[in-house]
Amino acid sequence: MAKSLPAVPGNTFLQLPLTVPHAAFEPASSLLSQLAARGGANSMQRFCGDIAFPIDPLFRGEKVAIGQLAQLAGCDAAALEWVSVRHLGKGHFRLRDEFASFQSFQRLRVRVCPECVRAESPSAAKSWRVPRRLQWKFSSIRGCPEHGCMLVRLPPERFSKDARDFSAQLRKHYGWVVDQPMIHAGHSTFEQYLTDRILKGRGDQWIDRLELNVVSRACEVLGQALRWRGTERPTG
């Protein structure tokens, strides 16, 4: 089974004849899903089984597996690793030099911005062209800063492995997603700070000294409190 394959240092993969570009905000799991869809596979699991790619190490964010995925896609491994989460075990995760907890992520339900999908997907048959944003995985990010609307959660899947296959999920629920109304998110300065930190790294404000799991929860609570009071203050 493909899921039992380890990521072996020294194993190399040739660049696929059909690839997709890697977006700066796209984690490794989404890129793998896009490659599987681009290659015509029914699922990411089947795709990885066909080419003997170590899917589980990739989902754990192992450096070797990310480098091998970069070989398949013909993209920069360092850029791919920058936006990919490493699972350390026992509910602990790492993003670059940041630590996060199990509660920091939406792991079993895929969330998307319907406006991003409508803008970037040319047709239902090619809905896999929309990459997943890393920030969509974080529980404290509820809206899209680009379009100012709420993210929507796709219908739940029976098996967690199906929820991991972003392109297959988007293709399956494409019609439902594009029919979703645009709901104003009231995107807060706290959410914008979290988005910037997730994608660009730490800054030099006092809040940057807090661990990501702590600051995510703090920003979520403070943002909700200020929205309830009808006021908004910057983080700096």
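1. Helix H6 spans residues 114-120 and contains both Glu115 and Arg118, which are three residues apart, about one turn of the helix. In this predicted model, the two residues form a salt bridge whose closest N and O atoms lie 2.6 Å apart. Arg118 has a relative accessible area of 29% and is therefore classed as partly exposed, since that class lies between the 20% and 50% limits.

2. Helix H6 contributes a further ionic contact through Glu120, whose side chain meets that of Arg133 in a salt bridge of 2.4 Å, N to O. This pair links distant parts of the chain: Glu120 belongs to helix H6, whereas Arg133 sits in the loop between H6 and strand E5 (143-144), 13 residues apart. The two partners fall into separate accessibility classes. Glu120, with a relative accessible area of 31%, is partly exposed; Arg133, at 5% relative accessibility, counts as buried, because the buried class covers values under 20%.

3. Salt bridges that share partners also build a network, in which Asp97, Glu98, Arg197, Arg202 and Glu211 are joined. One of these residues, Glu98, is relevant to the sheet discussed in point 5, as strand E3 covers residues 98-101.

4. How many salt bridges does a search of the whole structure find? The search returns eight. Among the pairs that can be named is Arg60 with Glu62, where the closest N and O atoms are 3.0 Å apart. Arg60 is partly exposed, its relative accessibility being 34%.

5. The sheet should be read alongside these contacts. Strands E1, E2 and E3 form an open sheet in that order, with antiparallel pairing. Strand E1 (86-89) and strand E3 (98-101) occupy the edges; each has a single partner strand, so one side of each lacks a neighbour in the sheet. From one strand to the next, the twist averages 30 degrees. As a general point, strands of a sheet pair through backbone hydrogen bonds, in either a parallel or an antiparallel manner.

6. Which strand is joined to E1, and by how many bridges? Strand E2, comprising residues 92-95, runs antiparallel to E1 and is connected to E1 by three bridges. At the residue level, Gly89 has His92 of E2 as its bridge partner. Gly89 falls within the range given for edge strand E1 (86-89).

Terms used: Residues numbered from 1 in each chain as written. Predicted model: local features only at pLDDT ≥ 70, side-chain atom pairs only at ≥ 80, totals over all residues. Heavy atoms only, no water. Pairing = 2+ DSSP bridges. Helix = DSSP H or I, 4+ residues; strand = E, 2+ residues; numbered from the N terminus. Axes fitted to C-alpha atoms, helices over the stretch in contact; angles between N-to-C directions. Salt bridge = Lys/Arg side-chain N within 4 Å of Asp/Glu carboxyl O. Buried < 20%, exposed > 50% of the residue type's maximum accessible area, 1.4 Å probe, protein only.
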